Amino acid sequence: MTPIGRDGSSKASVEATGVMLGLGAGLLWGFAFVAPQMMPSFGPIEIAFGRYFFYGVFSAGLLLALGLRHQGWKGLWTTGGKAWPLALAFAFSGNVGMYLLLVLGIRLAGAPIVTPLIGIVPVTVAIAGNIVEREFPWRRLAFPVTLILLGLLAINLTGVGSGVGAHARAGEDRFFGILCALGTVGLWTFYGVANARFLRNNPSVSGPAWSTMVGVATLVLVALAVPVVALLDPGAVGFQQLPHPSPRLAWFLAASAFLGVVVSWGGTLLWNGASARLPTSLAGQLVVSEVLAGLFYVFVAEARFPSAFEFAGIFAVVAGVLVGVRRTNTTSEMVRATPS
């Protein structure tokens with residue numbers, strides 16, 4: 001149990017800050033759901049590589065500029081060799097592998113189907129976090145988790161046949177798209193739980209430093225993956241477009257830079273701050289803000305309002321998170337103080 005923060009602030013203040021940081025991360029990450037629809041001329045591998053190339057290059061530049069001399073970044077070097085393998089694992093599970101599956105899922109099954117499926121991440125992270133950490137009694141998680149699942153079901157049922165991505169091919173393609181979405185859930189669940197444990201076990205590593213280190217590891221993965229993809233599927237990445245500037249290429253580069261720097265580095269920075277301040281089961285429920293933000297951006301892209309049923313589903317999801325925040329906050333001290 002941690003009654004005060006690193007700066008001496010109260011536990012309530014630390015958790016309130018963590019909640020705000022988690023919500024902010026979700027608002028940024030939500031752009032990932034609509035990005036593939038805004039770049040229809042580029043394939044999922046190109047979008048993923050473009051996003052994480054900029055994330056990695058920005059992180060590498062930041063590490064070179066600050067990491068070797070900035071006081072707040074010294075924890076990167078004191079963690080020893082264990083940090084880099086973890087950074088590579090998180091670069092795959094939380095970035096390259098996860099987003100590639102997400103984009104493939106959106107292209108094959110459609111954003112209105114995939115977005116709500118990704119919404120079970122708050123549930124899976126909360127459950128996995130509680131299994132690993134045993135932070136709260138299971139009965140306290142049952143009601144909020146049920147509300148979130150019912151809300152996501154309502155949103156999913158209304159979104160299957162409409163909106164952006166509604167023309168995704170049916171049958172086998174849609175089935176594999178759903179499998180890709182479930183793979184995204186599995187990778188993100190691992191990342192959410194393992195990343196939180198690392199930050200709590202290594203308080204000397206600051207959130208900005210760790211976001212940057214994972215970004216450098218992401219660049220390594222992209223550098224390794226590009227030649228492999230180019231060899232296996234030469235048409236998957238359009239390198240031939242790079243020497244020929246065009247408005248379409250400029251838009252792709254600008255969108256990739258936004259996804260890489262603002263959404264990936266900035267969102268990870270905010271999420272690291274939330275993970276270091278909150279129990280994993282509580283932080284996991286805040287991932288629902290990513291889903292709600294993604295739905296909002298999809299609705300804007302479609303130029304339509306949610307239906308009454310969709311509103312009801314969104315209300316149930318938000319209510320579930322609010323109930324979960326209240327129940328986990330009121331029981332965290334009791335559970336942690338109870339001998340196992």
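## Notebook: helices, a nonpolar patch and confidence

I started with helix α13, residues 288–302: at 1.5 Å a residue its 15 residues should span 21 Å, and the end C-alpha atoms are indeed 21 Å apart, so the two agree. This is a predicted model, so I keep that in mind for everything below.

Still on α13, I looked up burial. Of its 15 residues, 12 are buried, so the rest of the structure largely encloses this helix. The buried set includes Val 288, Leu 292, Leu 295 and Phe 299. I also noted that charged side chains are not left out of that set, as Glu 290 and Glu 302 are buried too. Right after the helix ends, Ala 303 has a positive phi of about 55°.

Next, the overall picture. I count 14 helices and 0 strands in the protein chain, so the pattern along the sequence is just α repeated from start to end. The chain has 340 residues, and 53% of them count as buried. Taking contacts between residues at least 6 apart in sequence, I find that 88% join residues at least 24 apart. The exposed surface comes to about 14,800 Å², with carbon and sulfur atoms supplying 72% of it.

Then I went to the surface. Which residues form a nonpolar patch there? They are Ile 127, Ile 131, Val 132 and Trp 138, and together they have about 360 Å² of accessible area. Helix α7, residues 121–133, gives the most to this patch, with 3 residues.

Trp 138 got its own look. This residue lies in helix α8, which covers residues 138–159. Buried or exposed, or in between? Trp 138 has a relative accessible area of 38%; buried would need under 20% and exposed over 50%, so this residue is partly exposed. Leaving out neighbours within four places in sequence, I see Trp 138 in contact with Ile 127, Asn 130 and Ile 131. For one of these, Ile 127, I noted the spacing: 11 residues from Trp 138 in sequence, and 8.7 Å C-alpha to C-alpha.

Back to α7 for its own numbers. This helix has 13 residues and reaches 17 Å from first C-alpha to last, close to the 18 Å expected at 1.5 Å a residue. Its buried residues are Val 121, Pro 122, Val 123, Val 125, Ala 126, Gly 129 and Asn 130. Asn 130 is thus on my buried list for α7 and also among the contacts of Trp 138. Just past the helix, Arg 134 takes a positive phi of about 50°.

I picked Ser 256 as a buried example. It is found in helix α11, residues 247–277. Its relative accessible area is 1%, so Ser 256 counts as buried. Which residues does Ser 256 touch, beyond those up to four places away in sequence? I get Gly 50, Arg 51 and Phe 54.

Last, confidence. The chain averages a pLDDT of 77, and 77% of the residues score at least 70. By element, α11 has the highest mean pLDDT at 89, and helix α4, residues 75–78, has the lowest at 58. I flagged residues 160–168, where pLDDT stays under 50; the model has 24 contacts for them beyond four places in sequence. I flagged residues 330–340 as well, with pLDDT below 50 and 17 contacts in the model beyond near neighbours in sequence.

How values were computed
Residues numbered from 1 in each chain as written. Predicted model: local features only at pLDDT ≥ 70, side-chain atom pairs only at ≥ 80, totals over all residues. Heavy atoms only, no water. Helix = DSSP H or I, 4+ residues; strand = E, 2+ residues; numbered from the N terminus. Buried < 20%, exposed > 50% of the residue type's maximum accessible area, 1.4 Å probe, protein only. Contact = heavy atoms within 4.5 Å. Patch = residues over 30% accessible without salt bridge, like charges linked within 9 Å, V, L, I, M, F, W, Y side chains within 5 Å. Areas by Shrake-Rupley, 256 points an atom, 1.4 Å probe, with all protein chains shown as cover. Salt bridge = Lys/Arg side-chain N within 4 Å of Asp/Glu carboxyl O. Expected span 1.5 Å × (residues − 1). pLDDT = per-residue confidence, 0-100.
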